[in-house]
Amino acid sequence: MKKREEFNAFLGHNTEFAGKLSFSGTVRIDGHFRGEISTEGTLIVGEAAVVESDVQVAHIIISGEIRGNIVAGRKVEIHAPGRVVGNIQTPVLVVDEGV
């Protein structure tokens, strides 16, 4: 039996948020976020998401678009049709074909 994914917060499709986001656990963004993001948890950027932010995380999974620099302590995963415009610093980088 597969463990159910639990999110601490969710920014849904057709939503916009500007500001500073810090959290623990897992957060998923499917809308438009502008500002700063910092966490020792996991950030999931959905296919419809546009994130204009420098991001400091432990783990990030990108299927949408990030415009900013990423510093990840554990891992960065970019899945098609994901896109990053910025610098990436991480010990583990996974990039799918078509990204």
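**Strands, pairings and charged contacts in the predicted chain**

The accessible surface of the chain comes to about 6000 Å², and 47% of this surface belongs to carbon and sulfur atoms. The structure is a predicted model, and the values below were computed from it. Of the 99 residues of the chain, 39% count as buried. The secondary structure consists of 11 strands and 0 helices, so that the pattern read along the sequence is β-β-β-β-β-β-β-β-β-β-β. Among the contacts between residues at least 6 apart in sequence, 3% join residues at least 24 apart.

The pairing of the strands can be followed from strand E5, which covers residues 42–45. Strand E3 (residues 26–29) runs parallel to E5 and is joined to it by 4 bridges, and within this pairing Thr26 has Thr42 as its bridge partner. E5 also pairs with strand E6 (residues 50–62), again in the parallel sense and over 4 bridges. Two of the partners in this pairing may be named: Leu43 is matched with Ile60 in E6, and Ile44 is matched with Ile61 in E6. In a regular strand the side chains alternate between the two faces of the sheet. In E5, Thr42 and Ile44 point one way while Leu43 and Val45 point the other way, and all of these residues are buried.

Strand E6 has further parallel partners besides E5. Strand E4 (residues 32–39) is joined to E6 by 7 bridges and runs parallel to it, with Phe33 finding its bridge partner in Val51 of E6. Strand E7 (residues 65–67) pairs with E6 in the parallel sense over 3 bridges, and here the bridge partner of Glu52 is Arg67 in E7. E6 is also paired with E8, in the parallel sense and over 7 bridges, and in this pairing Ile62 stands opposite Ile78 of E8.

Two residues of strand E8, which spans residues 70–78, illustrate the surroundings of that strand. Val76 is found in E8 and, at 0% relative accessibility, counts as buried, since the limit for a buried residue is under 20%. When neighbours within four places in sequence are left aside, Val76 is in contact with Ile60, Ile62, Ile70, Ile88, Thr90, Val92, Leu93 and Val94. Val76 and His59 are 17 residues apart in sequence, yet their C-alpha atoms are 5.9 Å apart in space. Glu77, also located in E8, has a relative accessible area of 13% and is therefore buried. Its side chain is joined to that of His59 by a polar contact of 2.7 Å. Not counting residues up to four places away in sequence, Glu77 touches His59, Ile60, Ile61, Ile62 and Val94.

Charged side chains form a further group of contacts. Side chains of opposite charge can pair when their charged atoms come close. A search of the whole structure finds 5 salt bridges, among them one between Arg28 and Asp30, with a distance of 2.8 Å from N to O. Of this pair, Arg28 is partly exposed, with a relative accessible area of 27%, whereas Asp30 is buried, with a relative accessible area of 12%. Another salt bridge is formed by the side chains of Glu52 and Arg34, at 3.3 Å from N to O. Because Glu52 lies in strand E6 and Arg34 in strand E4, this pair ties together parts that are 18 residues apart in sequence. Both residues are partly exposed, Glu52 at 24% relative accessibility and Arg34 with a relative accessible area of 43%. Glu65 and Arg67 likewise form a salt bridge, in which the closest N and O atoms are 2.6 Å apart. Glu65 is buried, with a relative accessible area of 16%, while Arg67 counts as partly exposed at 38%. Arg34, Glu52, Glu65 and Arg67 are linked in a network of salt bridges.

On the surface, Ile88, Leu93, Val95 and Val99 make a nonpolar patch of about 310 Å². Val99 is placed in the segment after strand E11 (93–95) and, at 41% relative accessibility, counts as partly exposed. Two other members of the patch, Ile88 and Leu93, are also among the residues in contact with Val76, which itself counts as buried.

Technical notes:
Residues are numbered from 1 along each chain as its sequence is written. This is a predicted model: local features need pLDDT of at least 70, side-chain atom pairs count only at pLDDT 80 or more; totals for chains, interfaces and linings use all residues. Side-chain values use heavy atoms; hydrogens and water are left out. Buried means under 20% relative accessible area, exposed over 50%, partly exposed in between (1.4 Å probe, protein chains only). A polar contact is a pair of N or O atoms within 3.5 Å; within protein, one must be able to donate a hydrogen and the other to accept it, and residues adjacent in sequence count only if both atoms are side-chain atoms. Contact means heavy atoms within 4.5 Å. Patches are made of residues with over 30% relative accessible area and no salt bridge: like charges are joined within 9 Å, nonpolar side chains (Val, Leu, Ile, Met, Phe, Trp, Tyr) within 5 Å. Accessible areas come from the Shrake-Rupley method with a 1.4 Å probe; for residues, only the protein chains shown count as cover. A salt bridge is a side-chain nitrogen of Lys or Arg within 4 Å of a carboxyl oxygen of Asp or Glu. Two strands pair if DSSP finds at least two bridges between them.
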